[in-house]
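Reader: I am new to this structure and would like to understand how its descriptive terms are earned. Could we go through them one at a time, setting each value against its cut-off?

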Amino acid sequence: MTVRTRFAPSPTGYLHIGGVRTALYSWLHARKNGGKFVLRIEDTDRERSTQESVDAILEGMEWIGLDYDEGPIFQTDRFDRYAEVIQQLLDQGDAYHCYCTREELDEMREQQRANKEKPRYNGKCRDLKDPKDGREAVIRFKNPVDGDVVIDDLIKGKIVINNRELDDLIIARSDGTPTYNLTVVVDDLDMKMTHIIRGDDHVNNTPRQINMMKALGAELPKFAHAPMILGDDGKRLSKRHGAVSVMQYRDDGFFPQAVLNYLLRLGWSHGDQEIFNREEMIEFFNIENVNGAPSTFNTQKLIWLNEQYIKTLPVNEVIAHLQWHLDNQNLDTTNGPALGEVIEAHRDRAKTLKELAATIRYYYEDFSEYDEKASKKHFKTATANILQNVLDKLTALDSWQADSINNAIKATCEELELGMGKVGPALRVAVTGSAVSPSLDITLALVGKDKTLERLKAAVAFAIAKYANL
């Protein structure tokens, strides 16, 4: 039997980080077992579903790199099939029309609460023989009243629910539209899903769905319910913790590989290994080894992982993901040093791609002002003389290479009897506009001789004008 898994988001919002982890587990299980991974869009909630959300889901799946073999399949294209199954359940006595009004249902639940009972539908219309003319009806599934539903969950272990804990859920609204629990059952059976991997917020739905599957004479798939992700305060992950659109992580400068790697390790491990490429993820992953306890989201750990990818990925891969940020920050790198060389110089000090794009701007564009704190600290009364000395020596260089640049800077230190701590910071601010850059010899070599000399001349003039009278 071919393994088949699915990811089935509702297009009522963005693709969030918890959904991505669920999709990742399903994708990995299919890939590991040579199976198929299906993307299904559960869009039957017409009031809340939007095309914008559909587009956000598709964009997120593409960016994160979870390719699907089939889909996207939209539930709204399958209403005729749902109606067919609903009629089948009615015909075989496993569903019935319910004519209870909202007021009657509210009164029913109030009475149950007063009796300290669990609020639920009491089956009032379960055995009605004749329709009630003139009254709207929903259709309910006739859930078994005896026995247990046993779920051999691949993550949580055995889960047992007595059927008396389950009421007769609505499978079709009064306007005829099917509900979630019906559509998901029909889809999973029609699409021959062998494994249902989803969040544990669906644990309460699973026994109801299993009973419907049994009523339809189906072979049951295997279930795996992944535990929720918590914020670092122990509460359910929310926007303040990082439960934002997965595309926000792109906007913030994270590699999709780093996000996937982090989510993989959020509740699963393979020894002490922290970093996995896609091939290793597929080779080592086992759904049964996912931890059944909730996991805590740690942004700092994600940032650390992202740093490792910046440091170790081939330069062409870094460029491929960096380009979006360059475009977003309106930075044209076609005129200036080779982008790959600049990345090599900066990759050990950048945490995110967004930060990397921002910090390399001075290689490609002149700046109009210096970092205020850095210039105030390093452009003192003697700075103009120091910078002029370096300028003279750099101007005389025939070879603009890191070694010759370094020798020129050292010559200034020796001639003026100053340590590098007096010369280097001022030179760095003069050429880059800030107090942070790779080593000066590499930085100046990449900036280029003409730009370096122009910026040094401007810095000398600035230092004289600003501090000459101090």
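**Reasoning from values to terms**

Author: Let us begin with helix α1 (residues 17-32), which lies across β1 and β2 and runs at about 165 degrees to β1. Please keep in mind throughout that this is a predicted model.

Reader: What makes β1 and β3 the edges of their sheet?

Author: Three strands form an open sheet in the order β1-β2-β3, with parallel pairing. Within it, β1 and β3 (70-74) each have a single partner strand, so one side of each is left without a neighbour in the sheet. From one strand to the next, the twist in this sheet averages 25 degrees.

Reader: How do you know that β1 and β2 are paired?

Author: Two strands count as paired if there are at least two bridges between them, and four bridges join β1 to strand β2 (residues 36-41), the two running parallel; the criterion is therefore met. Among the individual partners, Arg6 is bridged to Val38 in β2, and Phe7 has Leu39 of β2 as its bridge partner.

Reader: Why are both faces of strand β1 called covered?

Author: Strand β1 spans residues 4-7, with Arg4 and Arg6 on one side and Thr5 and Phe7 on the other, and all of these are buried. Buried here means under 20% relative accessible area.

Reader: Which strands stand at the edges of the sheet with the order β4-β5-β8?

Author: That open sheet of three strands has antiparallel pairing, and its edge strands are β4 (95-98) and β8 (170-172), each of which pairs on one side only. The twist averages 45 degrees from one strand to the next. Helix α3 (residues 79-91) lies across β4, β5 and β8, running at about 95 degrees to β4.

Reader: How many bridges join β4 to β5, and what is the bridge partner of Tyr96?

Author: Four bridges join β4 to strand β5 (residues 138-141), and the two run antiparallel; since at least two bridges are required, they count as a pair. The partner of Tyr96 is Arg140 in β5. Arg140 also lies over the face of Tyr121, at 3.7 Å from the ring centre, where the distance limit for such a placement is within 6 Å.

Reader: What makes β6 and β7 a pair, and in which sense do they run?

Author: Strand β6 (residues 148-153) and strand β7 (residues 157-162) pair in the antiparallel sense over six bridges, where at least two are needed. Asp148 stands opposite Asn162 in β7, and a hairpin of three residues joins β6 to β7.

Reader: Why are Cys100 and Cys125 not called a disulfide?

Author: A disulfide is a covalent bond between the sulfur atoms of two cysteines. The sulfur of Cys125 is 3.6 Å from the closest cysteine sulfur, in Cys100, which is too far for a bond, because the cut-off is within 2.5 Å. The structure accordingly holds zero disulfides.

Reader: Are those two cysteines buried or exposed?

Author: With the limit for buried set at under 20%, Cys100 counts as buried at 12% relative accessibility, and Cys125 counts as buried at 2%.

Reader: Why is the pair of Tyr363 and Tyr364 called edge-to-face?

Author: A search of the whole structure finds 15 aromatic pairs. For Tyr363 and Tyr364, the ring centres are 6.4 Å apart, and centres within 6.5 Å count as a pair; the planes stand at 65 degrees, and angles over 60 count as edge-to-face, so the pair takes that name. Both Tyr363 and Tyr364 are buried.

Reader: What makes Phe367 and Tyr370 edge-to-face, and why is Phe367 called partly exposed?

Author: Their ring centres lie 5.7 Å apart with the planes at 65 degrees, so this pair is edge-to-face too. Phe367 has a relative accessible area of 25%, which falls between the 20% and 50% limits and is therefore partly exposed, whereas Tyr370, at 15%, is buried.

Reader: Which residues form one aromatic cluster?

Author: Tyr25, Trp268, Phe276, Phe284 and Phe285 form one such cluster.

Reader: How do you know that His346 is buried?

Author: At 3% relative accessibility, His346 is under the 20% limit and so counts as buried. His346 lies in helix α12 (residues 339-346) and, not counting residues up to four places away in sequence, touches Leu356, Thr359, Ile360, Tyr362, Tyr363 and Pro438.

Conventions: Residues are numbered from 1 along each chain as its sequence is written. This is a predicted model: local features need pLDDT of at least 70, side-chain atom pairs count only at pLDDT 80 or more; totals for chains, interfaces and linings use all residues. Side-chain values use heavy atoms; hydrogens and water are left out. Axes are lines fitted to C-alpha atoms, for helices over the stretch in contact, and angles run from 0 to 180 degrees between N-to-C directions. Contact means heavy atoms within 4.5 Å. Rings of Phe, Tyr and Trp (its six-membered ring) pair if their centres lie within 6.5 Å; planes under 30 degrees apart count as stacked, over 60 as edge-to-face and the rest as tilted. Buried means under 20% relative accessible area, exposed over 50%, partly exposed in between (1.4 Å probe, protein chains only). A charge sits over a ring if NZ of Lys or CZ of Arg is within 6 Å of the ring centre and within 35 degrees of the ring normal.
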